[in-house]
Amino acid sequence: MQEYDLLLMSLVIFVPSLFAFGLLFFPRGYEEAMRWWTLAGTALTLGLSLCAFISFKATTLDNLTGRPADIRTRAQLEYRAAEADRLADRKGGPEQRTDKQNDDWVARRPWIEPFNIDYYLGTDGISMALVVMTTVLSFLAMIASWNITKFVRGYCILFLVLETGMLGVFLSLDFFLFFIFWEVMLLPMYFLIGVWGGPRREYAAIKFFLYTLLGGVFMLIVILAFYFTDIRDFKKDKPPDEQNLSKEAKERWYEPWSAEGTPKEAVHTFDLVLLAHVGREASKIIDSRDDSVLVRARKALAEEKDSNKQQILKEKIDRLTTKWGFFTSEFQIATFLLLFIGFAIKLPMVPFHTWLPDAHVEAPTPISMILAGVLLKMGGYGIIRIAWPICPWAAKELAWYVALFGIISMVYGAFTAMAQTDFKKLVAYSSVSHMGYVLLGVAVWPTENNQFWSWGMNGAMFQMIGHGVTSAGMFFLVGVIYDRAHHRNLNNFRGLYEPMPLYAGISAVIFFAAMGLPGMCGFVGEFMVVLATWNFSKAFAILAALTVILTAGYVLWTVQRVFLGTNPAYKGYRDIDLRELSCAIPLVVFSILLGVLPGLLLSWMEPSVTGLVDTLYRLTASAK
Amino acid sequence: MLDFASKPGLLFVVATLLPLASFVLILVAFAIRTALRSSPEGSIGQQLYQASGGDVPSRWPAWLATAAIGLAFVCSATGFVWFLDDHKQIESLEEEARHGKASDRELAHEKLKELEAHWVGSIDWVRLGASDDPRQGLALQLGFRIDHLSAIMFLMVTLVATLIHLFSLGYMAEEKQLHVEDHQVHGEEGHYRRRGRFGRFFLFLSLFCFSMLNLVLADNLFQVFVSWELVGICSYLLIGFYFERSSASNAANKAFITNRIGDAGFVIGLMIVWTYFGTFNFQELFSRVRAPVQDSHGEKLDLAAQIVRGNVTGEGKGKKIIFDPQGPEVLLFPRQRGHFHAEWITPGGDQDVRDDPKERQFGHMPYWLLVAAGLGIFLGCVGKSAQFPLHVWLPDAMEGPTPVSALIHAATMVAAGVYLVGRCFPLFTAEVLLVIAYTGGITLFVAATIAVVMRDIKRVLAYSTVSQLGYMMLALGVGGWVAGLFHLLTHAFFKALLFLGSGAVIYGCHHEQDLLKMGGLYPKMKITALTMLMAVLAISGIPGFSGWYSKDVIVAQAMGFASVHPEHVLLFLLPLVTAGLTTFYMFRMWLLAFAGEPRDHHVYEHAHEAPGIMTGPLVVLAVFSVGVAWGWPFFSSAFPFIDSESSWLEHQLHHAQPDAVQASFGLNKAEWEAARDGRLSGQYFGKPPIGPELAELEKQKKERYWAEEYSHLAGNLALGVVIIGLVFAFALYYYRVLDPAEGEAQFPGIARFLTHKWYFDELYSALIVQPALLVSDWCKNIDTRCIDWLIDNSAAITVRVAEKDGRFDNRVIDGMVNLFATVAYGVGNWFRRWQTGYLRSYVLFLVLAAVGIFVILSYFINATG
């Protein structure tokens, strides 16, 4: 079969949509059947994503002979993408991909050819972790959706379309495709909050929509700005007589600084992998490093005798030195800021976070789970996959500020959480605080010794997954008690342990996991990030360490106000039931399993993350 | 799978994991049963639930937990004997390796390696690859390393825990009922009734035992930190065991959050250590920060086991550190030590260093950061061991069931702070040690003064615990490494006994804890009274009892320290005076409870002795409280009751003492004399010193030497103070020569100050809790009043602009449209739609803005590109 990785990734993305389409054919009144159908759809997607995961792990990491360093290389999307392109080019274009490319987990088909837009999918440890998390949480959220009774068909369709959007974001490697999925995810979410939400749902939905749209618009600007950059020096024509060329000549041909092979027409692209490559070259040019394209092109010009080639080189140098062009620091910083703010809104980072508490409070329980568990991670994913690799120079320059905002989010979120009386709002603010760790971990760009940065970045990724488990769990648990008490006021609960011991026990596990208790998933990410921070900034490190006190404060205070003490009013409450258990138990298992054996996740995620860190660090390390 | 013959250290690992297994089993069973409980009436689930015992609390968890910890004790005892045996072999092999024939040496070295490998092991928990070689890189590890200290700690913890498990079987018996009345909580009709929680108690106890043993087992700081948090959460869960009481849940929160303050310091310490050393393994840390004791030829270094400071000069590869005792940088020794000579590290010399040292290169770090790391780790210990200023949580922790107070808040967990200070001793600089000493000194005095006025029997004991932990910290700070840890061990037994005794009293008096309502209980509960008397005598430091051995060494060490540093004489006076206070408040407690006339007849009449399952552990603990510190065999010393240095336990601890203690506080008397005579064939001096070496040796007469020199004087002084305390206690509370109430009336200020516990709670509430709540309120207001205000208003403005725009449409454009009449009518209609949904107009603005920026950008790009 040709490229089963393409097939599998596409299925993972579009199976939910197919099931959504199928819902249209259900006769009116068969709500229960629709729910089961939707659940089947999410279950199938989960199964497919697990197949993809197992196969990805086996083909890119496990079955490799050779040095561990090779695994690290192979774990890099960029390496595999380049290999795939080379292989495909030899066969005569992306359509001619063969079964040899089944195991590289990058797949490309032309889509809108006039604009060089490809249907370009790919995965590595970073996105695979998030994909599996998304399918698991979607499945669990669908279980939690059973008590939605309003417009079930509409709900299920939107839910499934939302899942397609989320998975598409994590799997696409074409910026345009990425943007499409990003926006596809936005609308269902708007309606899910706005129609199925609480009393202030319209306000919350519009707030969410506008905030995210603003981020999307920023991203769109950057996409266009990138697209209108002429990158013909980095995507060269093939040599006419490839076989006859000597090895040196062939290598020289593909070097971006050489005159040979430079296309006559401008080349534009949405290819994220290619853009990351160009972004790194831009960083070298801005730092005026000896190995930058600009310096080498100038050198080549000085040595060049042929006047035609001289002309090509001159034009090339002009392109690389254009005022306000891609290869200038101003452009890098501007695009980075736009991208970063776009993603930071999603993360959310203080001060762009106020949509989150409102959206969470108004959204129905399963949607809160998805929102906190998956949507927030897109912000982090965007930063790691797009903002950092494509604008590394600006990222490095602004890393300190990013870390600062991470710290502010951590501390501010924790303090604000402490002051809340609405259970759901408290959990929402705890998300703000926890996602601050992600920013901090990503941003600890070192001046020397990148080992610590690798701990920070891996910690940030682990924190995203860990937070996906705990925050979804916490929102679910709040939903369970809301179904019974019909209010969320923390000061009116008390004493829920006695009527609902199992619920209280599960809550204790999830809340302690969120608090960062060792042996649970919240601890690993936080601890790794914190360990990485001292090397970057002592003040930040101390603030990060002090945050653990605040976290303990609001978590324990919440547990006390909800579960401890006595309250005769709630004596008759039934404990958590089988459906609710089937949603909560997997989350409990994950929060313990990941905490006790973080290697289960890190062993295959780490090569990709550390590889990324190495690639970026190499840009700045030897620049000195 | 478990090959004990080649790795007997695994016995201790098994001992650690047994309680964990018990915890997991009980937890899973509970979860399943609780899930079944909520299944509907008549269903299979409900039937299964009823068949497995229904609502009646099951007893098997208690037996399982007790069996697990008992078995753990057996494992550790076996391991300990094995370890002692191995150690004997190691010692003789070391002798051989040093002095034997060349061929034997090789063999001895090999044998040594094999024997040492018996007691260490580790696995990676998280390892992230390095950039050049993914197999390398930094790792968080889990591992074990058994030495005399951890082996003895294992014995102590498992033994005390086993006894307390047994005691709890009796003490928690009322939790076996279907319904328990909580007299301190009031429900709708009278007392609050709830289901019994017998199993739950043992569930948490098992988790605690695992965490505590794991803490002792750990060969690295990370594992210690993990266990540190886990024992913290167990403490939280057990303090809050009666969570219906708001006092209990508040105390639980207070305990955990106060501990987290300490833990934040701990984390800072960990970060510094991680950044500069890249490892948490104790042995690796110590060997990097302290100079080796001897070189490859067995010759002693002048700077043996010292922290080497100096000034760093040069750049890059020419970087050098020039040794200077006051320098701002610390030399870090290579991770792997190759062949090297003593001359390489000499006072006044220098050494090449690197910023990012490879395996065999030297590194350096700022001295103040090493101090900060030490202080950070110590702050963690301050929290856990309830030292001033974080001592406030421990007295409140008495809300938990009494066996918990005995196990966690007296014998084991709170001692973990002291244990960790002992473990990390080589990391601590002189400044840190002084801070430790003063923290201990202040704590022991403050807590003792409060204990004098407490009325609640458990609170007296709680403050006494705080005070005793202060003694241990002080001892470690002034160089009494063995003294501090020795006291930890003896204290564990007599304090556990005291708490269990108080538990028996509380049990016998039907949950009465007020000392002033007791009195004259001796005839009613003789075993309890007598065993507690043993503990009281031990803690007071009456000669012959275990406490006397350890406390005497501490006071002597403090005296030795004060004699070298007269400016720190307070560090000697505080423990000396407090020895008297200790005797006073302990006898006050005993006399108030057991002696004299009954003060509350209701309590007296219903009082009864505890059942055998409770008094049994009391008796065993009493035996240990009296004799755990004795010499062994008992008559090996001519005067076992007078010679406080004959203790077998103390001698065992000596083996584990790090070399850093000698480096910082000199040799003790025996070591010094042996060195002078050249008798000591150990690693320090091979031949009798002569000339300058002798003068050098004279300088080694430091704190530890003088401590022994003065030990009899210090012991006699302490005994005198103890007798004074004893006399006062009997005068006030037995013979009633003086009336305590009168004393309080005479000094109302002091009395109020002490009963309010020096106003620490009020101070912290005003300084920390209230400000934190205030700030959190501010943050909440910033969110709703500032950020959302901005957002909402800008939205409103946009809407208004859109309306204006709409009106513009209406008047101007529609006016024109009218001119164009019918054709434009449809267009006008279309435009009117803009006014209705403001969301869409907002979107329009955004898109327009996007297009605008895009046009500008593309202009710039195209203009030049």
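In the predicted model, strand S5 of chain B (residues 309-313) is joined to strand S6 of chain B (residues 320-323) by four bridges, and the two strands run antiparallel. Within this pairing, B:Asn311 has B:Ile322 of S6(B) as its bridge partner, while B:Thr313 lies opposite B:Lys320 of S6(B). S5(B) and S6(B) constitute a hairpin in which six residues separate the strands. In the turn of this hairpin, B:Gly314 adopts a positive phi of about 85°.

S6(B) also pairs with strand S8 of chain B (residues 350-352), again in the antiparallel sense, and three bridges connect these two strands. Here B:Ile322 stands opposite B:Asp350 of S8(B). B:Ile322 thus has a counterpart in S5(B), namely B:Asn311, as well as B:Asp350 in S8(B).

These pairings belong to an open sheet of five strands in chain B, arranged in the order S8-S6-S5-S7-S9 with antiparallel pairing. The edges of the sheet are occupied by S8 and strand S9 (363-366) of chain B; each has a single partner strand, so one side of each remains without a neighbour in the sheet. On average, neighbouring strands of this sheet are turned by 40° against each other, direction ignored. In general, the strands of a sheet pair through backbone hydrogen bonds, in either a parallel or an antiparallel manner; in the present sheet of chain B, the pairing is antiparallel.

Conventions. Residues numbered from 1 in each chain as written. Chains lettered and ligands numbered in written order. Predicted model: local features only at pLDDT ≥ 70, side-chain atom pairs only at ≥ 80, totals over all residues. Pairing = 2+ DSSP bridges. Axes fitted to C-alpha atoms, helices over the stretch in contact; angles between N-to-C directions.
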